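Welcome, and thanks for taking a look at this one with us. Below is a short tour, arranged by topic, to read alongside the sequence and the 3D view.

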Amino acid sequence: MLEGLAHLLFPEVCVVCRKPLESGERQLCPACLVRFAPFPDSLAGGQAVIRSVNSHFGLGAVPSAAWSLYPYRSEGPLHDALHALKYGGLFPLGRLFGRRLGELVLASGGAGSVEAIVPVPLHPLKRIERTYNQSGAIAGGMAEVLGLPVAEGAIERRVHTGSQTGLSLVERRRNMEGAFRPTSRASRRVSGRVLLVDDVLTTGATLVAAASALKEAGAEQVAFAVVAVTEKE
Ligand SMILES: [Zn+2]
């Protein structure tokens with residue numbers, strides 16, 4: 001009820017088109033969601049992730065399974081929404097994307113053997129600067145839908161890498177080598193199949209490096225789930 005009252009007093013606007021939202025809508029209006037142009041079916045996004053990782057890092061780095069909602073574009077409504085999620089403090093938008101990603105995993109029947117969801121961690125300094133981890137927000141939304149625990153803190157980021165944007169593949173790879181490590185606390189260990197979550201996959205350098213740390217932390221298999229993936233031309 002309080003939420004309804006707050007909505008009446010302070011109507012929220014869509015983060016992309018700035019139009020006032022109807023009661024019950026969160027962060028995005030239905031018109032913008034349609035304009036995000038998702039992959040045509042529940043498998044196409046995962047296939048794009050696997051193609052990208054394979055082409056940059058070889059078959060050995062390919063995850064046990066993969067899911068993605070959207071092909072990434074460097075401009076347009078999806079780009080604006082992802083930018084707002086990462087830099088605009090829009091934590092709840094991450095949960096919304098996470099819930100949709102969770103539904104995609106459920107629809108493909110792939111969640112059965114997953115034991116935990118792990119968001120790609122930020123370096124502690126960046127986490128303070130940004131106040132939240134956008135991947136953690138996405139993982140939280142997925143956990144709601146899938147009924148799985150979020151194992152935040154299974155791995156940690158040891159290097160404060162700057163933005164990867166604009167770097168070549170070789171530079172990205174060098175930047176990310178050894179960027180993650182398992183947390184020293186034994187209680188944070190993971191096992192079985194783990195679902196690693198991030199906002200955007202560009203070359204896969206971040207996810208491949210984080211997956212290798214997760215295996216050191218006890219995971220037998222690592223699957224990837226990302227909101228959007230850059231497709232190779
Ligand atoms: Zn809108």
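Helix H6 (124–130) and strand S3 (155–157) each supply at least two residues to the lining of the second largest pocket. Please keep in mind that this is a predicted model. From that pocket, the tour goes on to the paired strands and then to some individual loop residues.

**The second largest pocket**

- The volume of the second largest pocket is about 210 Å³.
- Its lining is made up of 14 residues, and those closest to the pocket centre are Pro121, Leu122, Gly153, Ile155 and Glu156.
- Strand S3 gives the most to this lining, with three residues.
- By residue class, the lining of the second largest pocket splits into six charged, five nonpolar and three polar residues.

**Strand S6 and its partners**

- Strand S6 covers residues 221–229, and eight of its nine residues are buried, so the strand is largely enclosed by the rest of the structure.
- Strand S1 (residues 66–71) pairs with S6 in the parallel sense, over five bridges.
- Two places to look along the S1 and S6 pairing are alanine 66, which stands opposite phenylalanine 224 in S6, and tyrosine 70, which stands opposite alanine 228 in S6.
- S1 is itself mostly covered, with six of its six residues buried.
- Strand S5 (residues 193–201) also pairs with S6 in the parallel sense, here over eight bridges.
- Within that pairing, valine 200 has alanine 228 in S6 as its bridge partner.
- To get from S5 to S6, the chain passes through helix H9 (residues 205–216), and this β-α-β crossover is right-handed.
- Alanine 228 is thus worth finding in the 3D view: tyrosine 70 stands opposite this residue, and valine 200 is its bridge partner.

**Strand S2 beside S5**

- Strand S2 (residues 114–119) is mostly covered, with five of its six residues buried.
- S2 and S5 pair in the parallel sense over five bridges.
- In this pairing, valine 118 has leucine 196 in S5 as its bridge partner.
- S5 therefore pairs with S2 as well as with S6.

**Residues with positive phi**

- Most residues other than glycine have a negative phi.
- Alanine 37 has a positive phi of about 50 degrees although it is not a glycine.
- Look for alanine 37 in the loop between helix H2 and helix H3 (44–57), where the residue is partly exposed, with a relative accessible area of 32%.
- Threonine 131, also not a glycine, has a positive phi near 70 degrees.
- The loop between H6 and helix H7 (134–146) holds threonine 131, and this residue is exposed, its relative accessible area being 61%.

**Arginine 158 and glycine 178**

- Arginine 158 lies in the loop between S3 and helix H8 (169–176), and glycine 178 lies in the loop between H8 and strand S4 (180–182).
- Arginine 158 counts as partly exposed at 45% relative accessibility, and glycine 178 counts as partly exposed at 43%.
- Setting aside neighbours within four places in sequence, arginine 158 is in contact with His123, Gly178, Ala179, Phe180 and Arg181.
- With the same neighbours set aside for glycine 178, its contacts are Arg158 and Val159.
- Glycine 178 and valine 159 are 19 residues apart in sequence, and their C-alpha atoms are 8.2 Å apart in space.
- Arginine 158 and serine 113 are 45 residues apart in sequence, with 29 Å from C-alpha to C-alpha.

**Glutamine 27, a buried loop residue**

- Glutamine 27 sits in the loop between helix H1 (2–9) and helix H2 (30–35).
- Is glutamine 27 buried or exposed? Its relative accessible area is 7%, so glutamine 27 is buried.
- What is glutamine 27 in contact with, leaving aside its neighbours within four places in sequence? The contacts are Glu12, Val13, Cys14, Val15, Leu21, Leu90, Pro92 and Leu93.

Note on methods: Residues are numbered from 1 along each chain as its sequence is written. This is a predicted model: local features need pLDDT of at least 70, side-chain atom pairs count only at pLDDT 80 or more; totals for chains, interfaces and linings use all residues. Side-chain values use heavy atoms; hydrogens and water are left out. Buried means under 20% relative accessible area, exposed over 50%, partly exposed in between (1.4 Å probe, protein chains only). Helices (H or I, at least four residues) and strands (E, at least two) are DSSP runs, numbered from the N terminus. Two strands pair if DSSP finds at least two bridges between them. A crossover is right-handed if, with the strands pointing away from the viewer, the path from the first strand over the helix to the second runs clockwise. On a 1 Å grid over the protein atoms alone, a cavity is a set of points where a 1.4 Å probe fits but cannot get out, and a pocket is an open set with protein on both sides within 12 Å along at least five of seven lines; lining residues have an atom within 4 Å of a point. Grid points are joined across faces, edges and corners, and a volume is the space filled by probe spheres set on the points. Ala, Val, Leu, Ile, Met, Phe, Trp, Tyr, Cys and Pro count as nonpolar, Asp, Glu, Lys and Arg as charged, and the others, Gly among them, as polar. Contact means heavy atoms within 4.5 Å.
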